[in-house]
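Visitor: Please take a close look at one part of this model, the open sheet and the helices packed on it. I would also like the surroundings covered where they bear on that part.

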Amino acid sequence: MKAKLLCLLIVVAITGCGKKTWQKVDTDNPAFNPNVVFREYEDLRSPKFRHLVEKYQLDTIFHGETDEFRRILLLRHWIKSVITINDFGDPYPGDGDVEAILDEALQGQGYHCGHFMIVQNAIMNAYGYVTRTLGAGPGVKGGPDGHHGINEIWLNQYNKWFLSDAKYDHHFEKNGIPLSALEIRDEFLKNKAADIIKVKGPERKPFDIDEETGYSKEKNAQTYTWIEWHAYTNPFTRYPESRDLLIMFQDEYFRNNTWIWGDKPHWAYSQTEYLQLVQDRDQLYWTPNTVSSDVKIDGKQAFIELTSDTPNLQEYQVRTLPSGEWTATQNPFTLTLKKKKYELLFRVVNMAGVPGPEHKVIIERR
């Protein structure tokens, strides 16, 4: 009797061990950092964007170009070709109004970096490229202490932000990867930007000395010793109203040094209601258009909850590998499990039709 009972238990154990269930397989997806710091971004539902595109026939600038990064660089190059530099023209006609700036620029009026910044912000956002405004400066006591207005633009194909300077039509790269403002700062503080290059125009031509300013790569990189991100990144749709709130990175360098601007400390040191300090780099470099997923499996049903911080979100899309087409999907995505293995790609698409980075989910019966 005992022998029979032992055999029965062994059979049950073997049968139980052989039972297979569907499980989520770990995959290497782009990192997702939620937006917890920045307050507002441009609203593509505003008719101001359509009017901007149609008035200046901006579609003709990159006609036929499908590469996202190159489209962005072509748009930036157009801004540079239209607006001349005039750092000492105050008061500027159309100050703060993007269309007025462009109209005056087409008649020969020059502008400073802040005007290039808000024009680039409006045009890039018009095409669904998430763009924000920021200021920077070398901040050296007894040395260079100027201030520069620029933009950071989110690149979906690289899953990162990069600094874009429309005034000089250039940016910085390392090993072929475009760099953010904070990455440039890292490189300058490390070894005076020795390991990075400065590139100009849509062709990304490396160069050192800027013909317009005489500034070297090192001097340009020094500009990003101090950086202020603007918490409200919607100057185009908010105009003529404005809100001031600066975000700065509070690291060891910040704590041990002072940003000098105009031979004195930056005005935000004394007007702290306009200053927000952030110690977490991921909060500065949140990841728009990027998807995160939470997969729950109940028997033969899989429930995939999608999360994304996507400005102007239009829809989530799914594609079944290897040959499925992208289709709109509800969130959460529900799947009845029948096959041994499922490989799914998810992404967001914004109101301008720009897709975000792909996020893979694999469910396999094991």
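Guide: What follows goes from the whole chain to the sheet, then to its helices, and last to some single residues.

This is a predicted model, in which local features need pLDDT of at least 70 and side-chain atom pairs count only at pLDDT 80 or more, while totals for chains, interfaces and linings use all residues. Residues are numbered from 1 along each chain as its sequence is written, and side-chain values use heavy atoms, with hydrogens and water left out.

The chain has ten helices and 22 strands; helices (H or I, at least four residues) and strands (E, at least two) are DSSP runs, numbered from the N terminus. Its C-alpha trace spans about 100 × 50 × 40 Å along the principal axes. Of its 366 residues, 49% count as buried, where buried means under 20% relative accessible area, exposed over 50%, and partly exposed in between (1.4 Å probe, protein chains only). Contact means heavy atoms within 4.5 Å. Among contacts between residues at least 6 apart in sequence, 65% join residues at least 24 apart.

The sheet is open and consists of six strands in the order β7-β6-β5-β12-β14-β15, with mixed pairing. Two strands count as paired if DSSP finds at least two bridges between them. The edges are β7 (160-164) and β15 (275-278); each has a single partner strand, so one side of each is left without a neighbour in the sheet. On average, neighbouring strands of this sheet are turned by 35° against each other, direction ignored. For angles and axes, lines are fitted to C-alpha atoms, for helices over the stretch in contact, and angles run from 0 to 180 degrees between N-to-C directions. Within the sheet, β12 (residues 226-230) pairs with β14 (residues 246-249) in the antiparallel sense over two bridges. His230 has Leu246 in β14 as its bridge partner.

Helix α5 (residues 113-126) packs on this sheet, where it touches β5 (131-137), β6 (148-155), β7 and β12, and its direction makes about 20° with that of β6. Helix α6 (residues 181-191) lies across β5, β6, β7, β12 and β14 and runs at about 170° to β12.

Helix α5 also meets helix α3 (residues 68-82): their axes come within 10 Å and cross at roughly 140°. The two helices α3 and α5 are therefore oblique to each other; angles under 35 degrees count as roughly parallel, over 145 as roughly antiparallel, 65 to 115 as roughly perpendicular and the rest as oblique. Their crossing is right-handed, that is, the near helix is turned clockwise from the far one by less than a right angle, anticlockwise being left-handed. From α3 the contact takes Ile72, Leu75, Arg76, Trp78, Ile79 and Lys80, and from α5 it takes Phe116, Val119, Gln120, Ile123 and Met124. By class these are eight nonpolar, one polar and two charged residues. Ala, Val, Leu, Ile, Met, Phe, Trp, Tyr, Cys and Pro count as nonpolar, Asp, Glu, Lys and Arg as charged, and the others, Gly among them, as polar.

Now to the edge strand β7, which contains Lys160. Lys160 is buried, with a relative accessible area of 13%. Leaving out residues up to four places away in sequence, Lys160 touches Ile153, Trp154, Leu155, Ile177, Pro178, Leu179, Ser180 and Glu183. Of these, Leu179 is 19 residues from Lys160 in sequence and 8.5 Å from it in space, C-alpha to C-alpha.

Asn159 lies in the loop between β6 and β7. Asn159 has a positive phi of about 55° although it is not a glycine. Most residues other than glycine have a negative phi, and most peptide bonds are trans.

Thr290 touches Asn159 and also Trp154, among other residues. The position of Thr290 is in the loop between α10 (281-284) and β16 (291-298), and Thr290 is buried, with a relative accessible area of 1%.

One more backbone feature belongs to the loop between α8 (235-238) and β14, where Pro240 is found. The peptide bond from Tyr239 to Pro240 is cis, with omega near 10°.
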